Amino acid sequence: MDKMASSWNIFRRSCTSLLRYKTKNISNKINQMEQLLLLRQCSSFSRNFSTIQTKLAKETVAVTFIGDDGTKHTVNAKVGDNLLDVVIDNDVDLDGYGACEGTLACSTCHLIFKKDDYDKLPEEPTDEELDMLDLAYDLSDTSRLGCQVIVSKDMKGLEVKVPSGRTDARG
């Protein structure tokens with residue numbers, strides 16, 4: 001039941017963030033019907049939410065998060081999830097990590113990759129990600145935001161360093 005509650009909370013936060021984004025970016029005079037429609041779309045998903053375990057489990061790979069004190073947290077990461085979701089879903093204790101919940105509005109999910117692993121990442125960072133990384137604590141040439149890195153099969157055994165400090169660009 002805890003796993004279901006955790007998944008529901010992640011979904012609820014995503015809908016809330018989406019609604020805030022839509023409300024902020026459409027206009028100050030957003031139509032109430034658009035708000036209601038968006039809320040209805042988000043809430044309709046909850047009716048389809050099931051407590052039954054799916055038989056088609058996602059493939060997982062081992063990923064290790066290394067704290068600034070050398071503490072290692074090895075978890076099973078689902079292929080297709082981003083590294084921020086991996087931390088949240090596996091209850092990895094990283095204080096202040098992912099403050100904006102993956103909306104690319106802070107740099108608290110900053111990770112540092114080994115050069116070889118960084119070069120293997122399938123996608124280059126976007127301009128928006130690079131802008132947020134400019135504000136990150138302990139920035140390096142192999143830094144990425146965890147919310148922007150999608151887990152793939154090639155990441156089996158990946159080790160990433162979590163910087164000691166967090167910079168939340170939101171203020």
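**A predicted fold, read from Ser-164 inward**

Ser-164 lies in the segment that follows β5. The model examined here is predicted, and this serine is a handy place to enter it. Ser-164 is partly exposed, with a relative accessible area of 43%. Leaving out residues up to four places away in sequence, Ser-164 touches Asp-68 and Tyr-137. The C-alpha atoms of Ser-164 and Asp-95 are 9.9 Å apart in space, although 69 residues separate the two in sequence.

Stepping back to the whole chain, the secondary structure comes to five helices and five strands. Along the sequence these elements follow the pattern α-α-β-β-α-β-α-α-β-β. The chain has 171 residues, of which 33% are buried. Among contacts with a separation of 6 or more, 64% are between residues 24 or more positions apart.

A word on confidence is useful before going further. The pLDDT averages 78 over the chain, and 63% of the residues score at least 70. Over residues 23–29 the pLDDT is below 50, and this stretch has three contacts in the model beyond near neighbours in sequence. Residues 43–55 also stay under 50 in pLDDT, and the model gives this stretch six contacts beyond four places in sequence.

The strand just before the starting serine, β5, has a clear alternation of side chains. Leu-158 and Val-160 point to one face and are buried, whereas Glu-159 and Lys-161 point to the other face and are not buried. β5 pairs with β1 in the parallel sense, over four bridges, and with β3 in the antiparallel sense, over two bridges. Lys-161 of β5 appears in both pairings: Ile-66 stands opposite Lys-161, and Lys-161 is also the bridge partner of Ile-112.

The nonpolar interior comes next. In soluble globular proteins, nonpolar side chains tend to be buried together. Here the largest nonpolar core holds 28 residues, and those with the most contacts inside it are Phe-65, Leu-83, Leu-111 and Phe-113. At least two residues of this core come from each of β1 (60–66), β2 (72–78), α3 (83–89), β3 (110–113), α5 (127–133) and β5 (158–161). The element that gives the most is α3, with four residues. Phe-113 illustrates the packing: beyond four places in sequence, Phe-113 touches Leu-83, Tyr-118, Leu-121, Thr-142, Arg-144, Val-149, Leu-158 and Val-160. Two of these partners, Leu-158 and Val-160, are on the buried face of β5 described above.

A polar residue is also found inside the fold. His-110 is in strand β3 and counts as buried, at 3% relative accessibility. The side chain of His-110 has a polar contact of 2.7 Å with the side chain of Ser-143, and reaches the backbone oxygen of Tyr-137 at 3.0 Å. Tyr-137 is also one of the residues touched by Ser-164. Apart from neighbours within four places in sequence, the residues in contact with His-110 are Tyr-97, Leu-133, Ala-136, Tyr-137, Asp-138, Leu-139, Ser-143, Arg-144, Leu-145 and Pro-163. Arg-144 is among the residues that Phe-113 touches as well.

Asp-81 offers a second polar case, this time in the loop between β2 and α3. At 12% relative accessibility, Asp-81 counts as buried. Beyond four places in sequence, Asp-81 is in contact with Lys-58, Val-86, Asp-89, Val-149, Ile-150 and Val-151. Val-149 is a residue that Phe-113 touches too.

Finally, the cysteines deserve a look. With a cut-off of 2.5 Å between sulfur atoms, the count of disulfides comes to zero. Cys-100 is in no disulfide, and the nearest cysteine sulfur, in Cys-106, is 3.5 Å away. Cys-100 is buried, with a relative accessible area of 8%. For Cys-147, the closest cysteine sulfur belongs to Cys-109 at 3.7 Å, which is too far for a bond. Cys-147 likewise counts as buried, at 7% relative accessibility.

Definitions and conventions. Residues numbered from 1 in each chain as written. Predicted model: local features only at pLDDT ≥ 70, side-chain atom pairs only at ≥ 80, totals over all residues. Heavy atoms only, no water. pLDDT = per-residue confidence, 0-100. Contact = heavy atoms within 4.5 Å. Core = buried A, V, L, I, M, F, W, Y, C linked by side-chain atoms within 4.5 Å. Buried < 20%, exposed > 50% of the residue type's maximum accessible area, 1.4 Å probe, protein only. Polar contact = N/O pair within 3.5 Å; in protein donor to acceptor, adjacent residues only side chain to side chain. Pairing = 2+ DSSP bridges.
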